[in-house]
Amino acid sequence: MVVELKVRVDLLQRENSELQTRLSSSERELLVSKSRIDQLERQNAERPKVAFYAALTDAGYVGPQNTDITLKYSKVFTNIGNAYNPATGFFIAPVRGVYYFQFTVCGNHTGLVGVYVYKNNQRIMFNVEWKEDAHFKYFTNSVVLELMAGDKVHLVLPSTFAVYDSVDNHSTFSGSLLFAL
């Protein structure tokens, strides 16, 4: 009986030792995981956050004009990072990275409806629609651009073209940083 108890005590001590070893290993893994989480949280906090969404105007028609004009989307709903300037209509990249932009243009009269997309002074896209009736007509497009810090993106209304917006925000411009480079 004493021998059996000693064998049992030895077995329990070995099991206890194994459990202690596993517990120590789990504690080390937990500390490594917590350290990695802390590191990722610091990296995320340090990443620039850039996103904006704006609508054009409450005034109705913009255009037609005799010259091309930069569209100034003055109704800003989101401007995280303050990279979009509603006074100028320019988005200025705060960091080098890949950015996503989207715009929706509305026409509400017969004629040409369209916009140019510019990166700095380079026209990179032209979208146009011919509108034949007095009903709303929309088009939406998007572009992904690699920008350097300080690069500018803006939309231009070509001369003789017109777009429409109202309190219902028919014509919009938005963008965000996908990732920094």
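Q: Are phenylalanine 52 and tyrosine 84 buried or exposed?
A: Heads-up: this is a predicted model, where local features need pLDDT of at least 70, side-chain atom pairs count only at pLDDT 80 or more, and totals for chains, interfaces and linings use all residues. Residues are numbered from 1 along each chain as its sequence is written, and side-chain values use heavy atoms, leaving out hydrogens and water. Buried means under 20% relative accessible area, exposed means over 50%, and partly exposed is in between (1.4 Å probe, protein chains only). On that scale, phenylalanine 52 and tyrosine 84 both come out as buried.

Q: How many aromatic pairs does the structure hold?
A: Rings of Phe, Tyr and Trp (its six-membered ring) pair if their centres lie within 6.5 Å; planes under 30 degrees apart count as stacked, over 60 as edge-to-face and the rest as tilted. Going through the structure with that rule, the number of aromatic pairs is 15.

Q: How many degrees lie between the ring planes of phenylalanine 52 and tyrosine 84?
A: Phenylalanine 52 sits in strand E1 and tyrosine 84 in strand E5 (residues 84–85), so you're looking at parts of the chain 32 residues apart (strands are DSSP runs of E, at least two residues, and helices are H or I runs of at least four, numbered from the N terminus). Their ring centres are 4.9 Å apart, and the pair is stacked, with the angle between the planes at 5 degrees.

Q: Which kind of aromatic pair do phenylalanine 91 and phenylalanine 101 form?
A: Phenylalanine 91 is in strand E6 (residues 90–92) and phenylalanine 101 in strand E7, ten residues apart. Both of these residues are buried. Their centres lie 5.1 Å apart with 75 degrees between the planes, and that makes the pair edge-to-face.

Q: Which residues do ring pairs link into a cluster?
A: You've already met phenylalanine 52 with tyrosine 84 and phenylalanine 91 with phenylalanine 101. Ring pairs link these four with three others into one cluster: Phe52, Tyr73, Tyr84, Phe91, Tyr99, Phe101 and Phe173.

Q: What is the strand order of the open sheet of five strands?
A: Strands of a sheet pair through backbone hydrogen bonds, either parallel or antiparallel. Here the pairing is antiparallel, and two strands pair if DSSP finds at least two bridges between them. Strand E4 (75–80) and strand E10 (137–147) are the edges, as each pairs on one side only. Reading across, the order is E4-E1-E13-E7-E10.

Q: Which residue in E4 stands opposite alanine 55?
A: Strand E1 (residues 51–55) and E4 pair in the antiparallel sense over five bridges. Across from alanine 55 you'll find lysine 75.

Q: Which residue in E13 stands opposite tyrosine 53?
A: E1 also pairs with E13, again antiparallel and over five bridges. Alanine 54 stands opposite phenylalanine 173 there. For tyrosine 53, the residue opposite is serine 174.

Q: Which residue in E13 is the bridge partner of glutamine 102?
A: E7 and E13 run antiparallel, joined by eight bridges. Glutamine 102 is matched there with serine 174.

Q: Which residue in E10 is the bridge partner of glycine 107?
A: Strand E7 (residues 97–107) is joined to E10 by eleven bridges, and the two run antiparallel. Follow glycine 107 across to E10 and you land on lysine 137.

Q: What is the N to O distance in the salt bridge between lysine 75 and aspartate 58?
A: A salt bridge is a side-chain nitrogen of Lys or Arg within 4 Å of a carboxyl oxygen of Asp or Glu. Lysine 75 is buried, with 15% relative accessible area, whereas aspartate 58 is partly exposed at 47%. Their side chains meet with an N to O distance of 2.6 Å.

Q: How far apart in sequence are the parts tied together by arginine 96 and glutamate 146?
A: The side chains of arginine 96 and glutamate 146 meet in a salt bridge (3.3 Å, N to O). Arginine 96 lies in the loop between E6 and E7 and glutamate 146 in strand E10, so the parts they tie together are separated in sequence by 50 residues.

Q: What is the relative accessible area of valine 113?
A: Valine 113 lies in strand E8 (residues 111–119), and its C-alpha atom is 9.2 Å from that of phenylalanine 139. Valine 113 counts as buried because its relative accessible area is 3%.
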